[in-house]
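Colleague: Could you take a close look at the ligand site for me? I would also like to know how the helices pack and which backbone spots deserve a check.

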Amino acid sequence: MKTIDHYAVFGSPIKHSKSPRIHNLFATQTNQTLDYVAHEVNAEQFITAVTDFFAQGGKGLNCTVPLKELAWLNASHRTERAESAKAVNTLILQADGLILGDNTDGVGLVTDLIVNNSVELKNKRILILGAGGATRGILAPLLNEKPACITVANRTVSKAIQLPLEFNHRFQGCSFDQLDGQNFDVILNATSASLSDELPPLPQNLLTENGVCYDLAYGNKPTAFVRWGQLQNASKSLDGLGMLVEQAAEAFLLWRGVRPKTREIIELLNAERPL
Ligand code: ATR
């Protein structure tokens, strides 16, 4: 009898997660037999839940808020990009029984920008808002694209100044006030402000003509940052739905050895958003 391979996403809150839908669509599209479910797991429950999941035959796991750092701490070993992110969103059961921790968020963002939305990063001036876990996860893949410069601005300026020290000073950190008079080709919102429909305080003229805004968060309605980008006449003001699908496709590839076609899945999920 053929057994089904089990996958899951752990996080809290997890009720509204689109990951089960996305992975089940990937499975149908690529003719893979698997199941993928969401489990409400908080930080206190994390270690027991992960141990039980793999002991019961689980093959791979996604971890989301607030578990990415715990997943990084508890993986048997980690990829280089997970190491620089200090966060893991994908756990993979290997043939030797060890659990590999990876982070597919950054590559998901870069693919959505470059491949899906034709946004160039090379030689561009990039601003990242926020200096938390989300920013940490995208820095290395963004630096790989050889932008002209990256600036990280954060409400708590000490965090924005600390971060470049960990990345060999390959970018700079500052406060929101210090952005006054500067401009950028691509502005990425990696703060969690969107979750409460808030916006970091941003000066006028921050975005160059034809500049692009991208919110790592997504919602059924345009986020506060996406609306801000539209007001700044951004050539594109996007939210993170495409990044969500792309990071999931990378995880699926790691688990199943086949990369799903993402464009049709993104189009489907976009079409399902309420008007
Ligand atoms: P995540 O894993 O989503 O990045 P995090 O590590 O808690 O979560 O980081 C949240 C980021 O959003 C931080 O940079 C935070 O700024 P502080 O370091 O000053 O706390 C930022 N943030 C959250 N709410 C914000 C708001 N209303 N305005 C500006 N920045 C905000």
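Which residue places a side-chain N or O atom 2.8 Å from a nitrogen atom of the ligand?

Modeller: That residue is Glu198. Keep in mind that this is a predicted model. The 2.8 Å separation runs from a ligand nitrogen to an N or O atom in the Glu198 side chain. The protein covers 72% of the ligand's accessible area, which is 650 Å² for the ligand on its own.

Two further contacts involve ligand oxygen. A polar atom in the side chain of Asn154 sits 2.7 Å from an oxygen atom of the ligand. Ser192 uses its backbone instead: a polar backbone atom there is 3.0 Å from a ligand oxygen.

Now the wider shell. There are 13 residues around the ligand. Those that come nearest are Ala134, Asn154, Thr156, Lys159 and Glu198. Asn154 and Glu198 thus appear again, each with the side-chain contact described above. By class, the shell holds three nonpolar, seven polar and three charged residues. Lys159 and Glu198 count as charged, Asn154 and Thr156 as polar, and Ala134 as nonpolar.

Ala134 leads on to the helices. Residue 134 falls within helix H6, which spans residues 133-144. H6 packs with H5 at an angle of about 55 degrees, and the axes are 7 Å apart. That angle makes H5 oblique to H6. The H5 and H6 crossing is right-handed.

H5 has another partner. H5 covers residues 105-116, and H9 covers residues 241-256. These two pack at about 120 degrees, with an axis separation of 7 Å. Roughly perpendicular ends at 115 degrees and roughly antiparallel needs over 145, so H5 and H9 are oblique to each other. H5 passes H9 with right-handed geometry.

H9 also meets H1, the helix of residues 19-29. Their axes come within 10 Å and cross at roughly 55 degrees. H1 and H9 are therefore oblique as well. Again the crossing is right-handed.

Last, the backbone. Two cis peptide bonds are present, both ahead of a proline. One runs from Ser12 to Pro13, with omega near 0 degrees. Pro13 lies in the loop that connects strand E1 (5-11) to H1. The other joins Val65 to Pro66, where omega is about 0 degrees. Pro66 belongs to the loop between strand E3 (58-63) and helix H3 (68-74).

Lys86 is a further spot to look at. Its phi is positive, near 50 degrees, although the residue is not glycine. Lys86 sits in the loop between helix H4 (80-85) and strand E5 (90-93).

Notes. Residues numbered from 1 in each chain as written. Predicted model: local features only at pLDDT ≥ 70, side-chain atom pairs only at ≥ 80, totals over all residues. Heavy atoms only, no water. Near = heavy atom within 4 Å. Polar contact = N/O pair within 3.5 Å; in protein donor to acceptor, adjacent residues only side chain to side chain. Areas by Shrake-Rupley, 256 points an atom, 1.4 Å probe, with all protein chains shown as cover. Axes fitted to C-alpha atoms, helices over the stretch in contact; angles between N-to-C directions. Helix = DSSP H or I, 4+ residues; strand = E, 2+ residues; numbered from the N terminus. Parallel < 35°, antiparallel > 145°, perpendicular 65-115°, else oblique. Left-handed = near helix turned anticlockwise from the far one by under 90°.
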